[in-house]
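Visitor: I would like to learn how to read a model like this one, feature by feature. Could we take a few residues and then the whole chain?

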Amino acid sequence: MRGWKRAALIAGSCALIAAMVVVWVVVDLGTADGVASVVGASVGVVGIVYALIGGAEPSTFRASRTGKSTVRRGGTSNTGIMHTGSGGPVQASATDTGDAEADGDGSGANSGIQLN
C-alpha cells in the first residue's frame with residue numbers, strides 16, 4: 001500500500017483511536033463498549049470489502065541479464081525468479097537470463113519465472 005491510500009489509512013486509524021478515547025472519557029463504559037463494538041464491526045466489513053475488490057497491490061519482480069549458475073548434489077540453480085508467496089497477485093518478468101544448470105538427484109534449475 002502506497003501513496004494516498006496509506007496516508008488515508010493512517011489518518012483514519014488515528015481519528016478512530018482519538019474518537020474512542022473521547023468516548024471512553026466523556027461517557028460511561030457501557031456506552032463506550034457499544035461504540036467499540038460498532039466501530040470494530042464496521043472496520044471488519046470494510047476490510048472484507050477491500051480484500052474482495054482486489055485492494056492488494058501486486059508484488060513486482062524483475063530479472064534481467066543475469067549470469068550463469070551451476071549446482072550439483074541436490075541443490076537449486078536459479079538465474080531468473082523463484083517466488084514462494086502467500087498467493088497474492090504477482091507481476092514478474094525475466095529477460096536475457098543466464099544458463100541455469102543442475103546436476104544430480106534432487107537438483108533443480110530455473111532460468112525463467114517459477115512461482116510456488
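Visitor: Where is the place of Thr79?

Guide: A residue can be placed by naming the elements on either side of it. In this model, which is predicted, Thr79 sits in the loop that runs between β3 (76-78) and β4 (81-83).

Visitor: Is Thr79 buried or exposed?

Guide: Here one compares the relative accessible area with a cut-off, and buried means under 20%. Thr79 has a relative accessible area of 4%, and therefore counts as buried.

Visitor: Which residues does Thr79 touch, not counting those up to four places away in sequence?

Guide: Leaving out those sequence neighbours, Thr79 touches Thr66, Gly67, Lys68 and Ser69, then Thr97, Gly98, Asp99 and Ala100, and also Asn110 and Ser111.

Visitor: Let us turn to a helix. Where is Ala36 found, and how does its relative accessibility class it?

Guide: Ala36 belongs to helix α2, which covers residues 29-52. Its relative accessibility is 29%, and because partly exposed is the class between 20% and 50%, Ala36 counts as partly exposed. Gly44 also has its place in helix α2, and with a relative accessible area of 35% Gly44 is partly exposed as well.

Visitor: What separates the C-alpha atoms of Ala36 and Leu16, and what separates those of Gly44 and Gly80?

Guide: Separation along the chain and separation in space are two readings, to be taken side by side. Ala36 and Leu16 are 20 residues apart along the chain, with 9.7 Å between their C-alpha atoms, while Gly44 and Gly80 are 36 residues apart along the chain, with 39 Å between theirs.

Visitor: Now the whole chain: how many helices and strands are there in the protein, and what pattern do they follow?

Guide: The protein has two helices and eight strands, and reading along the sequence gives α-α-β-β-β-β-β-β-β-β. Its radius of gyration is 24 Å, well over the 13 Å that the globule rule gives for 116 residues, so the protein is more spread out than a compact globule. Taken along the principal axes, the C-alpha atoms fill a box of roughly 70 × 30 × 25 Å.

Visitor: What share of the residues counts as buried, and what share of the contacts joins residues at least 24 apart?

Guide: Of the 116 residues, 12% count as buried, and Thr79 is buried. Among contacts between residues at least 6 apart in sequence, 65% join residues at least 24 apart.

Visitor: How many positive and negative side chains does the protein have?

Guide: There are 8 positive and 8 negative side chains, and the centres of the two sets lie 10 Å apart.

Definitions and conventions: Residues are numbered from 1 along each chain as its sequence is written. This is a predicted model: local features need pLDDT of at least 70, side-chain atom pairs count only at pLDDT 80 or more; totals for chains, interfaces and linings use all residues. Side-chain values use heavy atoms; hydrogens and water are left out. Helices (H or I, at least four residues) and strands (E, at least two) are DSSP runs, numbered from the N terminus. Buried means under 20% relative accessible area, exposed over 50%, partly exposed in between (1.4 Å probe, protein chains only). Contact means heavy atoms within 4.5 Å. The radius of gyration is taken over C-alpha atoms; the globule rule is 2.2 Å times the number of residues to the power 0.38. Lys and Arg count as positive and Asp and Glu as negative; His and the chain ends are not counted. The place of a charge is taken as NZ of Lys, CZ of Arg, CG of Asp or CD of Glu.
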